[in-house]
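Work through the exercises below with the sequence and the coordinates at hand, and attempt each task before reading its solution.

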Amino acid sequence: MRSRSVLVVLFDGAQPLDVAGPLDVFTTAVNFAGSESTPPYVVRTASLGGGPVRCAGGLHVVPDLDLLDVEDADVVLVPGGPGVEHVDDRLVTWLRERAPGVERVVSVCTGAFLLAQAGLLDGRRATTHWGSCEILASMYPSIEVDPSPIFVRDGPIATSAGVTAGVDLAIALVEEDFGRAVAHEIARLLVVYLRRPGNQAQFSVQLSAQIARSDPLREVQYWAVANLTSDLSIPAMAQRAGLSTRQFSRAFTEQVGVTPGRYVDLVRLEAAQRMLTDTRDGVVGIARRCGYGTAEAMRRAFLRDLDVSPTQYRQTFAKPTVLAPGSS
C-alpha cells in the first residue's frame with residue numbers, strides 16, 4: 001500500500017475549521033489503516049512563499065511548504081473563509097495550472113470560489129455554503145450550482161458546504177480508499193455523524209423550513225414532528241391550530257414556506273431516513289412509526305424525493321455492524 005499525498009492550501013483569512021476538520025480525518029486514518037512507516041495519507045500544508053498565514057479569527061498557522069515548490073499531490077484541498085476574496089492571483093494561477101493533473105481536487109465551503117476562478121468548475125455541478133450559492137451561480141453561470149447537498153462529486157472535483165461538511169466529504173474519501181469500517185472508526189473517534197450522504201440537505205427540515213411567526217402554527221409544526229403516527233391531515237392540523245382549513249393552509253404556507261402537506265411529507269421522510277441508518281428495525285415497522293402506514297407508501301415517498309427505495313437507502317448509508325472482539 002502506498003501513502004496518498006494530501007496538500008492543504010493555506011492563505012490569509014482561511015477558515016480554520018475548513019483546514020483542521022478534513023486534516024484530522026486524514027491524519028486519524030493511520031490508527032485504522034496503513035502503519036506508522038506507511039501511513040494511509042501524508043498531509044502537508046502550503047502557502048505562497050511558505051510563510052505563516054493568519055486564518056480567520058486570528059489563528060496563525062505555519063505551513064510545511066512553499067506552494068510554488070510543490071511537485072505532486074494526490075489530493076489538493078482548498079479551504080474557504082473570508083480570505084477567498086483577497087487571495088494572491090498566483091494561488092489561482094497555481095490551481096489553474098496544477099490542479100487538472102491531480103487525482104482529486106476538494107474545496108470546503110467558499111473555497112469553491114477559488115476553484116471557480118481557476119476555471120476548474122466550468123460545466124460542472126458544485127455546491128458551497130448555502131449563504132453563498134446564489135453569489136457563486138451569478139458570478140459563474142457556467143457552473144451548475146446546487147444549494148441543497150452537503151457535498152457534490154463531479155469527476156475529480158469535489159465541493160462541499162459549510163465547515164462541518166468538509167469533514168463529511170473527507171470521511172467519504174477515506175471510505176472510498178479504505179472501506180466503510182475504517183470510515184466508521186474515524187467517525188467514532190472524532191465523534192461525528194458517520195457518513196452523512198452527499199445528497200443530504202445542508203439543513204434538516206426543522207432548519208430549512210421557516211418557523212411560523214404565530215404561536216398556533218409554530219406549535220403545530222413541533223407537534224407534527226413529535227407525533228408522526230397521528231392524524232396529520234390538513235383539517236386535523238387546522239383544528240389543532242384553531243383555524244379553518246382554508247385559513248390554516250394559507251397562513252402555514254405563507255409563514256413556513258411550504259404547504260402543510262409538503263411539510264408533513266418532509267418530516268416523515270427525514271425521520272425514516274434517520275431510523276434506516278441508525279437502527280436495525282424492519283422497513284415495515286419504520287413505515288408505521290413514521291406515519292406512512294405501509295411499507296409501499298414509504299417506498300413511493302423515497303422514490304419520489306430521493307430516487308432510491310428505503311432498502312437501497314439503508315444499504316448505502318447504514319452504519320456498519322461492528323463485531324465484538326473474537327467474533328467472526
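**Exercise 1.** In this predicted model, determine which side chain of opposite charge is nearest to the buried residue Asp66, and how far away it is.

*Solution.* Begin with the charged partner: the nearest side chain of opposite charge is that of Arg90, at 6.9 Å, and Asp66, although buried, has no salt bridge. A salt bridge would require a side-chain nitrogen within 4 Å of a carboxyl oxygen. Next, place the residue, which belongs to strand S5 (residues 65-66). Then look for a polar partner, and the side chain of Asp66 is found to reach the backbone nitrogen of Leu68 at 2.9 Å. Finally, list the surroundings: when residues up to four places away in sequence are left out, Asp66 touches Ala46, Ser47, Leu48, Gly49 and Gly50.

**Exercise 2.** Establish whether Leu269 is buried or exposed, and find which residues it contacts beyond its neighbours within four places in sequence.

*Solution.* Leu269 is part of helix H11 (residues 260-278), and because its relative accessibility is 6%, it counts as buried, the cut-off being under 20%. Its contacts outside that sequence window are Tyr292, Ala301, Phe302, Asp305 and Leu306. For Leu306, the C-alpha atom is 9.5 Å from that of Leu269, with the two positions 37 residues apart in sequence numbering.

**Exercise 3.** Compare the expected and actual span of helix H13, and locate its buried residues.

*Solution.* With 12 residues (295-306) at 1.5 Å a residue, H13 should span 16 Å, and this agrees with the 16 Å separating its end C-alpha atoms. The buried residues of H13 are Ala297, Met298, Ala301 and Phe302. Viewed down the axis of H13, these residues fall within an arc of 135 degrees, so they line one face of the helix. After H13 comes Asp307, with a positive phi near 65 degrees.

Conventions
Residues numbered from 1 in each chain as written. Predicted model: local features only at pLDDT ≥ 70, side-chain atom pairs only at ≥ 80, totals over all residues. Heavy atoms only, no water. Helix = DSSP H or I, 4+ residues; strand = E, 2+ residues; numbered from the N terminus. Expected span 1.5 Å × (residues − 1). Buried < 20%, exposed > 50% of the residue type's maximum accessible area, 1.4 Å probe, protein only. Arc of directions from axis to C-beta. Lys, Arg positive; Asp, Glu negative; His and termini not counted. Polar contact = N/O pair within 3.5 Å; in protein donor to acceptor, adjacent residues only side chain to side chain. Contact = heavy atoms within 4.5 Å.
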